Amino acid sequence: MIAEVRETSNITMKLNGKSVRCDGISVSRTLIGVLRNEFGCTGVKNGCEEGTCGSCTVLLDGIPIYSCLALAVNANNKEVTTIEGLSNGSTPHPLQKSFVDNYAVQCGYCTPAMILVSKALLDKNPNPTEAEIRNALSGVICRCGSYIKVVDAVRSFSALGKR
Amino acid sequence: MARTKYHSDMVLPGMLYARFLRSPYAHAIIKGIDVSRAKLLPGVHAVVTYEDVPDEFITEHATKYVIIGNVVKIPGDRKILDQRLRFVGDYVAGVAAEDEQTAEKALGLIEVEYDELTPVFDPEEALKPSSPKLYEAGNVFNGSPEKPTLTFAKGDVKRGFEVADLVIERKYASHFQVAMPMESRCCVAEWEGDFLTMWVTLQEPYVARRIMSRVFGLPLQNVRVNASVFGGGYGSRALPQPVEFMAAMMAKMSGRPVKARLSRREEPISNHNRPETITFVKAGFKKDGTLTALDTRIIMNVGAWNPTEVGVPQHMARVATLLYARCPNISCQILVVYTNLPVGCGWRSFGSAEAIFPIEEMMDEAAGKLMIDPIELRKKNHVRTGDNLAPMFPSLNMSSVGLDTCMERGAREIGWYQRMKRGSSSERDISLRGDKAVGIGFSMGSHSGGIRRPPSNAMIEFDHQGKATLKIGTPDIGTEQATTQSQLAAETLGISVDDITVLQADTVHDVEDAGILGSRSTSSMGWATVRACRAAKRMLLEKASQMLAESVDQLDVKEGVVISKATRRSVPVPAVCSKAKEEGSKIEGRGLFTDNCEGVLGFAVGFAKVEVDLRTGKVTVLKYVNFQDAGKVVNPSILEVQMQGSVIQGLGYALDEELVYDRKTGTVLNPTFLEYHVPTFLDIPELKCVAIDGFEPLGVYGAKGAAEVGITPVAPAICNAVADALGVRSYTIPLTPRRVLEMISQKRGPAKGRGAQKTKGD
């Protein structure tokens, strides 16, 4: 564990569509830490904290990144999307619903990451092949083994023609 | 804020964060420990060492257990903290501080003087008289090198070998497999006076409560354990470990809640891994394939202590002796051996996968030598519905065995008979030309199907608006038991699943349950749910009978309405509940399942088609087919997910996953996902999982447990497929590229004057 550096910075970003700001953040803090603790985004999951499992994936300007390997200051003046940004109040996003309907959620811990990476893929490529889906999602590990159902969920969402 | 609250997301007012100091040595004694400087660090509120905790065993029974009806005294092994350290990573001290950084810093201020002892890592070494001993009673749990932990015997194996036409004797090895759930172990402890609440990532909350109450000297009702949802377990998080007790102790010392969340690197040494096993199998066959004798000796490397006591060895013994129970002469010995390694007592099938792999490899090898189709060899010998299992497991019921159907359908699915057309591997001349070799293999598998002690309780209660709440003890670790149990409840009560809310795994509900493991939730927990609902239904009908002035036996509940079979008069369930409330009562029911038997077995058959890259040794599974006998399936979609998950974990067990440790120091070398390879999206073969139509007479609505058995045939099916491809067999898993390359060079024969290599086991 690395001790926090004393130098601090203020971070302004768009988080799930809202402009937010956080002051006095040590420049050595990771993005996952600030998202979870300062902004209460507990949907960003700690799987390993060293970039080997993908549970902490968020979208930075629409691109999936491991938030455990990003510094919080890297998000300054950028757009961050976490799983909390997908649902509309208590109404799930159709992609989230597709995951549930296709039994693509077991313990649920990797699910936020799976959904965000799927969304990023579908935003670029609305009709991905199975191989493209597997490749795009290969950076997220699911120990429960939901892989096949996740592919089903993405394909079924894509087949609905929804964006 | 995400809506599902995992324990690692919990924040309580005033909460402290714990970090743990762990032993750098595999075997050592703490000669002296000085925590004074750590205690003085600003922000530190509690430091705990072996001197501060109750001197109590944390294992479940520690004093007694029941093995096949006999009460046996079981020695306790693990204390909360001990002066003696038994693996690299063993617990030396804990610190609770305002934040993790401070706690980590405080660990660096703890001064420890260690007396290093010689460690032992190899379980066969640990059995020798000259070996260092982990415990005073020696290195065998509940036994000695001469007296195995468990022994089962039927008939006379010596005689059975004498009458055999073919006897094969082999030694097999399997390695530690780490469960690696995505949410690392986490607990939160909070005291309010003499009342302790624990939020834990444990699969047996009621067992944890019992142990906590014993260890801390509290009445049962003063301990509350909540394990309602957490990120995976698979059996590796069945029981509490020192972490939970240390967190509770530090919460008591500091007067503040304490959260202990372990890092990914601590995971492989903080749950229980699948044990390393060394298995000797000797089997005797007649020329026509009839098994005349089967002798299995399993050395189970359990590591530094043994949380499941005889639980896992019993599962091993069941499959090692019952899959071929028709054989008149069977013997099985299991030695549970301590070594200075992280705990390896089992998960996902709790011993069955470890025990099935050697036996099913043996059968495949025998089929080749006997020139009998491997499927026909199994059909000739496997256990069947109604078979008598005395004297080994007289109270285990062989009431539904769907193996033949699974084998036949799986064979068609994989194209098994095309394989036979080209001859089995021992007949074919496999010269391994070109870059790739393809093979097909299969294996039977089995594991507990539940419906056995220990107990489950359930409670259902209706509010005055007719909505029901079902309380069960099963945690939600991804198996969707809330859905399955609510289906069983809805079916029994005659109401809609939408009118049922399920509350799980919080001991405040007071529905004692043995936990989610052993594939017992649908089958055993299910029976408790059904019985609770039957009791509630009786109450409902009695009240409705008063309201309708009709006899109870004329009434039934259909789609939320109580209706008279005779007159067709009816009253909706909500109206009945409301009437009960007016009269000061409530429609409710409790159910208990604790049938004192060994339960039933579930079955799975796996077929694998593999391609071996002869240059790199990499084995790619092209297609895997899993057919299971799960009795009557309650929820096909949920079961399919569990079947897929079991097979995928089995792929890791067969091909890539192996806990690697330094052979001199015992330090784990691959503790993260980077070095320890679990299957990813890119590793999944074409996979077909099917549950055949079955019916288990003892099962709730015909169902039996099925979420684990799918893993048991995977490793042997793949080993058999690789043997089919290469014409040479591995007796060790995982089949890493390095091992496969060794097999290939062995097959290709001696090169550059190295001399002929012996086939293993000859």
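**Cavities, chain A and selected buried residues**

The lining of the second largest cavity comprises 4 nonpolar, 1 polar and 2 charged residues. This cavity belongs to a predicted model. Its volume is about 60 Å³. The lining is formed by B:Lys618, B:Val619, B:Leu655, B:Asp656, B:Leu735, B:Thr736 and B:Pro737. The charged members are B:Lys618 and B:Asp656. B:Thr736 is the polar one.

In total, 5 cavities of 30 Å³ or more are present in the structure. The largest encloses about 470 Å³ of space. It is lined by 32 residues. Closest to its centre are B:Thr479, B:Gln481, B:Gln642, B:Ala706 and B:Ala707. By residue class, the lining of the largest cavity splits into 13 nonpolar, 14 polar and 5 charged. Three helices of chain B each contribute at least two residues to this lining: α12 (481–493), α13 (521–548) and α15 (636–655). Of these, α15(B) provides the largest share, with 3 residues. B:Gln481, one of the residues closest to the centre, falls within the range of α12. B:Gln642, also among the closest, falls within the range of α15.

Helix α13 of chain B also holds B:Ser524. This residue has 0% relative accessibility and therefore counts as buried. Leaving aside residues up to four places away in sequence, B:Ser524 touches B:Gly450, B:Ile451, B:Arg452, B:Ser456 and B:Phe593.

Elsewhere in chain B, helix α9 spans residues 374–381 and is mostly covered. Of its 8 residues, 6 are buried. These are B:Pro374, B:Ile375, B:Leu377, B:Arg378, B:Lys379 and B:Asn381. The buried set thus includes two charged residues, B:Arg378 and B:Lys379.

Chain A contains 5 helices and 5 strands. Along the sequence, these elements follow the order β-β-α-β-β-β-α-α-α-α. The radius of gyration of chain A is 16 Å. The globule rule gives 15 Å for 163 residues, a close value, so chain A is as compact as a globular protein of that length. The C-alpha trace of chain A extends about 50 × 30 × 25 Å along its principal axes.

Burial and contacts were also computed for chain A. Of its 163 residues, 53% count as buried. Among contacts between residues at least 6 apart in sequence, 54% link residues at least 24 apart. The exposed area of chain A is about 7,100 Å². Carbon and sulfur atoms account for 48% of that area.

One residue of chain A, A:Thr52, has contacts in both chains. A:Thr52 sits in the loop between α1 (31–38) and β3 (57–60) of chain A. Its relative accessible area is 14%. The cut-off for burial is under 20%, so A:Thr52 is buried. Within chain A, and not counting residues up to four places away in sequence, A:Thr52 touches A:Ile141. Across in chain B, A:Thr52 touches B:Thr672, B:Phe673 and B:Leu674.

Key: Residues numbered from 1 in each chain as written. Chains lettered and ligands numbered in written order. Predicted model: local features only at pLDDT ≥ 70, side-chain atom pairs only at ≥ 80, totals over all residues. Heavy atoms only, no water. 1 Å grid on protein atoms, 1.4 Å probe; cavity = no way out; pocket = protein on both sides within 12 Å on 5 of 7 lines; lining within 4 Å. Points joined across faces, edges and corners; volume = space filled by probe spheres on them. Helix = DSSP H or I, 4+ residues; strand = E, 2+ residues; numbered from the N terminus. Rg over C-alpha atoms; globule rule 2.2 N^0.38 Å. Buried < 20%, exposed > 50% of the residue type's maximum accessible area, 1.4 Å probe, protein only. Contact = heavy atoms within 4.5 Å. Areas by Shrake-Rupley, 256 points an atom, 1.4 Å probe, with all protein chains shown as cover.
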